[in-house]
Each structure stands twice: as C-alpha cells, then as structure tokens.
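User: Hi! I'm new to protein structures and would like to go through one with you, step by step. Could you show it to me first?

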Amino acid sequence: MSDDDSRDLQNPARADASLPSHLTRNGRSAWVELTAFQRDCLEAVARRERDDRPCDKLGIMCTLGCTYSTVTRTRLEPNLRALVGRGLLDDRDNSDGASEYRLTDAGRALLLQRAERVADSCGIGLARTGADAVTARGDANGDG
C-alpha cells in the first residue's frame, strides 16, 4: 500500500496566480475568490487605516498576528502582491522606501459588501453604508 494519501487532491493555487476569467464579475474580484489569508490581509489594512496606523508589511504582520500564530514575509508578500494585482490594494513607497498599502475603492467596496451580507444574514439592520456609492465612484473615475 502506498504512503501517498493525497487522494488525488490538487495543491492549492499560488497566491499570486491570476483568476480564471469565468470567476470574475465585470472585472471585479468577489470575496469568495480570495483565500482566507488574503481576506484577512484586506481586513488588516482596513483596520490599520481606520486607526491611522502605518500599513507597511511589518504593521500588517503585527495586526495579522492576532489571528495567526506565525506570519512570515514569505507568506505575506505574495498575497499582498496578489491583492494589488486584483486592484484591491495600492502599494506606494513611503519616505523610508518601504512599501505602504492602502485600500482601493474596489477593496473598500468589497469589504463593505461583505459586511452588509454578514449583517443581513445575522438579522442586523445595517443601513446601506455606501458600497454601491464607492463602486459607482470607482466606475466614474475609470478605476473599476
């Protein structure tokens, strides 16, 4: 008997692999198309922005450390690149030359849409917080 117990399962896709065209809707990434770690990265950037804290790799790793016992640059960097590639994050070099990340309108809209779906499924009455407005603003500016 073979020790290989893979049961014909495929290895997970690379974090920075592009999405098949049939999985995108009007060029926008859907929540379910992201890995759990990528979703957590988006949320970590949003939290750090909200708290007016630096959104560099070290800061993001620190925020993710509350959820994950170990976060390495080897894991973080390709996932951040994937989110930048999908138009959900922007990266810029700060005055120290380190990359700093910010949510794009599309990234913010995706988080808002997810929050509204979760609130709705829990029966929590959330007013429409503007996900459609953010999406429309991105379309109007040619960002979407």
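Below, we go through this predicted model by question and answer.

User: Let's begin with the overall plan. In what order do the elements of the protein run from the N terminus on?
Analyst: Happy to start there! The secondary structure comes to five helices and two strands. Read from the N terminus on, the order of the elements is α-α-α-β-β-α-α.

User: How confident is the predictor, and what is the mean pLDDT of the protein?
Analyst: Confidence is given per residue on a scale from 0 to 100. In this protein, 67% of the residues reach 70 or more. Some stretches fall lower: residues 16-24 have pLDDT below 50, with ten contacts beyond near neighbours in sequence, and residues 133-144 are also below 50, with 15 such contacts. For the protein, the mean pLDDT is 77.

User: What share of the 144 residues in the protein is buried?
Analyst: To count as buried, a residue must have under 20% relative accessible area. By that cut-off, the buried share of the 144 residues is 34%.

User: Which element gives the most residues to the largest nonpolar core?
Analyst: That core has 22 residues, and Leu42, Ile60, Leu64, Leu76 and Leu89 touch the most other members. At least two residues each come from H1, H2, H3, S2 and helix H4 (105-121). The element that gives the most, with five residues, is H1.

User: Why would such side chains gather in one place?
Analyst: There is a general tendency to lean on here. In soluble globular proteins, nonpolar side chains tend to be buried together. Leu42 gives a picture of this core: beyond its neighbours within four places in sequence, its contacts are Leu34, Leu83, Leu88, Leu89, Leu103, Leu110 and Leu111.

User: Which elements do the buried residues of H3 pack against?
Analyst: Helix H3 covers residues 73-85. Its buried residues are Leu76, Pro78, Asn79, Leu80, Ala82 and Leu83. These pack against helix H1 (36-50), H2, S1 and S2.

User: What distance do the end C-alpha atoms of H4 span, and why does it agree with what is expected?
Analyst: H4 has 17 residues, and at 1.5 Å a residue they should span 24 Å. The expected span uses one less than the number of residues, because that is how it is defined. The end C-alpha atoms of H4 therefore agree with the expected value, being apart by 24 Å.

User: Now the strands. Which residue in S2 is the bridge partner of Asp90?
Analyst: Strand S1 (residues 89-93) and S2 run antiparallel, and five bridges join them. They form a hairpin with five residues between them, and Gly97 in the turn has a positive phi of about 85°. S2 (residues 99-103) is mostly covered, with four of its five residues buried. Within this pairing, the partner of Asp90 in S2 is Arg102.

User: Is Thr104 buried or exposed?
Analyst: Let's place it first: Thr104 is in the loop between S2 and H4. The cut-off for buried is under 20% relative accessible area. Thr104 has 11% relative accessibility, so this residue counts as buried.

User: Which residue's backbone oxygen does the side chain of Thr104 reach?
Analyst: Not counting residues up to four places away in sequence, Thr104 touches Gly87, Leu88, Leu89 and Asp90. One of these, Gly87, follows H3 and has a positive phi, near 80°. At 2.5 Å, the side chain of Thr104 reaches the backbone oxygen of Gly87.

User: Which residue has a positive phi although it is not a glycine, and is it buried or exposed?
Analyst: The residue is Asp52, with a phi of about 55°. Asp52 lies in the loop between H1 and H2. The cut-off for exposed is over 50%. Asp52 has a relative accessible area of 72%, so this residue is exposed.

User: One last loop, please! What distance separates the C-alpha atoms of Thr67 and Asp40?
Analyst: Thr67 is in the loop between helix H2 (57-64) and H3. With a relative accessible area of 57%, Thr67 is exposed. Along the chain, Thr67 and Asp40 are 27 residues apart. In space, their C-alpha atoms are separated by 8.6 Å.

Key. Residues numbered from 1 in each chain as written. Heavy atoms only, no water. Buried < 20%, exposed > 50% of the residue type's maximum accessible area, 1.4 Å probe, protein only. Pairing = 2+ DSSP bridges. Contact = heavy atoms within 4.5 Å. Core = buried A, V, L, I, M, F, W, Y, C linked by side-chain atoms within 4.5 Å. Polar contact = N/O pair within 3.5 Å; in protein donor to acceptor, adjacent residues only side chain to side chain.
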